[in-house]
Amino acid sequence: MSIRKIVQYPDPILKKKAKTVTKFHARLHKLLDDMAETMYDAPGVGLAAPQVGILKRVLVIDIGEGLIEMVNPEIVEKSGEQLSPPEGCLSIPNLLGEVRRAQKIKVVGQDRYGNPIEMEAEGYLARAFQHEIDHLNGILFIDVAERTFRPEEVDQT
Ligand code: NI
């Protein structure tokens, strides 16, 4: 495994739509392993492949409950609404945003071998999924935030 360089805003790759993965081979497995290592090293709670310069529909998430890998993720159900906690992004350091997200989602996708997987997520995990899946569509949290602010302003919100 190796740590990859995280693409920083405003690199135009972050605004591009990632492509569906069709080959579940060793290169994908290496990408997933490297993405997890890069996320933990940062440290962060999620990373999408475009953030390491790869325009493929691949994400990793770990909000402290274990590593989740998903290929070709798609949200198929959404309910409720949440506005906090504020969101940040490894590609946009030193900025947070208030983003309105669904409180509960159902996500379908594939594992690293191409097997179909389905997950339900709520709260912070649902927020992480929505943030990372936005990345796969070239959408950044600053594009959808109702308000952005510097981390040092958090206590005043
Ligand atoms: Ni991000």
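In this predicted model, helix α2 provides the largest share of the lining of the largest pocket, five residues. Strand β4 and α2 each supply at least two residues of that lining. The space in the largest pocket comes to about 260 Å³. Fifteen residues, written 15 in the count, line the largest pocket, and the closest to its centre are Val45, Gly46, Gly88, Cys89 and Tyr124. By character, the lining splits into seven nonpolar, five polar and three charged residues.

Valine 45 sits in the loop between α1 and β1. Its relative accessibility is 33%. Valine 45 therefore counts as partly exposed, since this value falls between the 20% limit for buried and the 50% limit for exposed. Isoleucine 63 lies 18 residues from valine 45 in sequence, yet their C-alpha atoms are 5.0 Å apart in space. With neighbours within four places in sequence left aside, valine 45 is in contact with Met39, Val60, Ile61, Asp62, Ile63 and Tyr124. Tyr124 thus appears in this contact list and among the residues closest to the centre of the pocket.

Cys89 is one of the residues closest to the pocket centre, and the SG atom of Cys89 is also a donor of the nickel ion. The other protein donors are His131 and His135, each through NE2. The donors lie 2.1 to 2.2 Å from the nickel ion. Their spacing in sequence is C-x41-H-x3-H. Distant parts of the chain are linked here: cysteine 89 belongs to strand β4 (residues 87-89), histidine 131 belongs to helix α2 (residues 123-136), and 42 residues separate the pair. Cysteine 89 has a relative accessibility of 10%, so it counts as buried. Histidine 131 is buried too, because its relative accessible area is 7%, under the 20% limit.

Helix α2 also contributes to the nonpolar interior. The largest nonpolar core has 16 residues. Those with the most contacts inside this core are Leu59, Ile61, Ile105, Val107, Ala121, Leu125 and Phe129. At least two residues each come from β2 (58-61), β3, β6 (104-110) and α2. The most come from α2, which gives six residues. Valine 107 illustrates the packing. Apart from neighbours within four places in sequence, valine 107 is in contact with Met70, Pro73, Glu74, Ile75, Ile117, Glu118, Met119, Phe129 and Ile133. Phe129, one of these partners, is also listed with the most contacts inside the core.

Another core, of 13 residues, lies apart from the largest one. Its members include Met39, Ala49, Val58 and Val71. Alanine 49 is placed in the loop between β1 and β2. At 0% relative accessibility, alanine 49 counts as buried. Beyond residues up to four places away in sequence, alanine 49 touches Leu31, Met35, Ile54, Lys56, Val58 and Leu136. Val58, one of these partners, belongs to the 13-residue core as well. Alanine 49 and valine 71 are 22 residues apart in sequence, and 9.9 Å separates their C-alpha atoms.

The backbone also has features to note. Most residues other than glycine have a negative phi, and most peptide bonds are trans. Against this background, two cis peptide bonds can be described. One joins alanine 42 and proline 43, with omega about -10°. Proline 43 is in the loop between α1 (26-41) and β1 (46-48), and valine 45 is in the loop between α1 and β1 too. A further cis bond joins serine 84 and proline 85, with omega about 5°. Proline 85 is placed in the loop between β3 (68-79) and β4.

Positive phi values occur at two asparagines. Asparagine 72 has a phi near 55°, although it is not a glycine. Asparagine 72 is found in strand β3. Its relative accessibility is 12%, so asparagine 72 counts as buried. Asparagine 94 has a positive phi of about 60°, and it is not a glycine either. Asparagine 94 belongs to strand β5 (residues 92-98). With a relative accessible area of 55%, asparagine 94 is exposed, because exposed means over 50%.

Terms used. Residues numbered from 1 in each chain as written. Predicted model: local features only at pLDDT ≥ 70, side-chain atom pairs only at ≥ 80, totals over all residues. Heavy atoms only, no water. Donors = N, O, S within 2.8 Å, 3.2 Å for Na, K, Ca; no water. Helix = DSSP H or I, 4+ residues; strand = E, 2+ residues; numbered from the N terminus. Buried < 20%, exposed > 50% of the residue type's maximum accessible area, 1.4 Å probe, protein only. Core = buried A, V, L, I, M, F, W, Y, C linked by side-chain atoms within 4.5 Å. Contact = heavy atoms within 4.5 Å. 1 Å grid on protein atoms, 1.4 Å probe; cavity = no way out; pocket = protein on both sides within 12 Å on 5 of 7 lines; lining within 4 Å. Points joined across faces, edges and corners; volume = space filled by probe spheres on them. Nonpolar A, V, L, I, M, F, W, Y, C, P; charged D, E, K, R; others polar.
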